[in-house]
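Here is an informal walk through one protein chain, written for someone who would rather think in residues than in plots. Have the structure open while you read.

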Amino acid sequence: HMLSRYETWVTVGAATPDALKPAGQGLEIVPLGDPSAYAAGEAASFRAYLDGKPLAGLTVQVIPGGVRYRGDMQETDATTDARGEFSVTWPIGQMYWIGASYPPRPQGGEDGKAPGGQNGGAHPAAQAQGGEGGGPHGPRGPVEPGQRYAYAGTFEVMPF
């Protein structure tokens with residue numbers, strides 16, 4: 001079972017604050033400011049949620065536009081803190097893709113088996129709570145084996 005979300009933020013006139021509220025379902029990455037105000041050289045903050053609860057320890061990939069079909073994707077990784085927050089400093093003005101998936105994909109060992117148990121490894125936050133494949137996302141408990149979440153979004157950063 002997989003729940004994916006793809007978002008593109010478009011603003012005409014003043015931004016609508018309600019448009020940035022998390023829906024409370026699946027994996028979400030929500031801007032903590034006005035995405036139409038992103039500018040090169042400035043930092044932007046985001047918060048990651050899983051089913052409406054902040055998600056700590058999530059690795060988020062940021063890839064600049066225009067690198068398709070090239071060997072070097074110029075990817076930058078950020079990891080969410082205890083509040084589910086991370087920041088990105090935009091190097092230049094252009095489009096950017098932000099993406100993440102949960103739980104993390106397993107990394108095979110020398111024996112070809114995934115570490116960490118039946119579901120291919122627990123998220124570090126879940127291991128700290130004594131569970132496998134879960135996370136700090138409330139009373140629902142650990143993510144069931146075979147259940148995955150994905151998020152992708154695009155943001156335009158102004159050159160000024």
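The report below goes from the overall layout to the core, the aromatic rings, the charged groups and a few single residues.

## The overall layout

Keep in mind that this is a predicted model. The protein chain has nine strands and one helix. Going along the sequence, the pattern reads β-β-β-β-β-β-β-β-α-β, with the helix just ahead of the final strand.

Of the chain's 160 residues, 38% count as buried. Long-range contacts feature heavily: if you take contacts with a separation of 6 or more, 63% of them come from residues 24 or more positions apart.

## The nonpolar core

The largest nonpolar core has 23 residues. Inside this core, the residues with the most contacts are Leu27, Ile29, Phe46, Leu58, Trp90 and Ile98. Several strands chip in: S2, S3, S5 (59-64), S7, S8 and S9 each give two or more residues to the core.

Ile29 is a good place to click first. Leaving out residues up to four places away in sequence, Ile29 touches Glu7, Trp9, Phe46, Arg47, Ala48, Val60, Phe86, Ile98, Ala100 and Tyr151. Two of those partners, Phe46 and Ile98, are also on the list of residues with the most contacts inside the core.

## Aromatic rings

There are seven aromatic pairs. Take Phe46 and Trp90: their ring centres are 6.4 Å apart and their planes sit at 85 degrees, so this pair is edge-to-face. Phe46 belongs to strand S3, while Trp90 is in the loop between S7 and strand S8 (95-102), so the pair links parts of the chain 44 residues apart. Both Phe46 and Trp90 are buried.

Step back and you can trace a cluster of rings, in which pairs link Tyr38, Phe46, Phe86, Trp90, Tyr96 and Phe155.

## Salt bridges

The count comes to four salt bridges. In one of them, the side chains of Glu85 and Arg47 meet with N and O 2.2 Å apart. Glu85 lies in strand S7 (residues 85-89) and Arg47 in strand S3 (residues 43-50), so this pair ties together parts that are 38 residues apart in sequence. Glu85 is buried, with a relative accessible area of 16%.

Glu85 also forms a salt bridge with Arg83, where the closest N and O atoms are 3.2 Å apart. Arg83 pairs with Asp81 as well, at 3.7 Å between the closest N and O atoms. Asp81 counts as partly exposed, at 31% relative accessibility. Put together, Arg47, Asp81, Arg83 and Glu85 are linked in a network of salt bridges.

## A buried acid without a salt bridge

Which side chain of opposite charge is nearest to Glu28, a buried residue with no salt bridge? The nearest one is Arg5, 4.1 Å away. A salt bridge needs the nitrogen and oxygen within 4 Å, so this pair does not make the cut.

Glu28 is found in strand S2 (residues 27-31). Its side chain has a polar atom 2.6 Å from the backbone nitrogen of Ala23. Leaving aside neighbours within four places in sequence, Glu28 is in contact with Arg5, Pro22, Ala23, Arg47, Ala48, Tyr49 and Tyr151.

## Thr80 in its loop

Thr80 lies in the loop between strand S6 (76-79) and S7. With a relative accessible area of 5%, Thr80 is buried. The side chain of Thr80 reaches two backbone nitrogens: that of Gly57 at 2.9 Å and that of Leu58 at 2.8 Å.

Beyond its neighbours within four places in sequence, Thr80 is in contact with Ala48, Leu55, Ala56, Gly57, Leu58, Val60, Glu85 and Phe86. One of these, Glu85, is part of the salt-bridge network.

## Met158 towards the end

Met158 lies in the segment after strand S9 (148-156), and at 24% relative accessibility Met158 counts as partly exposed. Met158 and Tyr38 are 120 residues apart along the chain, yet their C-alpha atoms are separated by 6.2 Å.

With neighbours within four places set aside, Met158 is in contact with Tyr38, Ala39, Ala40 and Gly93. Tyr38 is also one of the rings in the aromatic cluster.

Key:
Residues numbered from 1 in each chain as written. Predicted model: local features only at pLDDT ≥ 70, side-chain atom pairs only at ≥ 80, totals over all residues. Heavy atoms only, no water. Helix = DSSP H or I, 4+ residues; strand = E, 2+ residues; numbered from the N terminus. Buried < 20%, exposed > 50% of the residue type's maximum accessible area, 1.4 Å probe, protein only. Lys, Arg positive; Asp, Glu negative; His and termini not counted. Polar contact = N/O pair within 3.5 Å; in protein donor to acceptor, adjacent residues only side chain to side chain. Contact = heavy atoms within 4.5 Å. Phe/Tyr/Trp six-rings, centres within 6.5 Å; stacked < 30°, edge-to-face > 60°. Core = buried A, V, L, I, M, F, W, Y, C linked by side-chain atoms within 4.5 Å.
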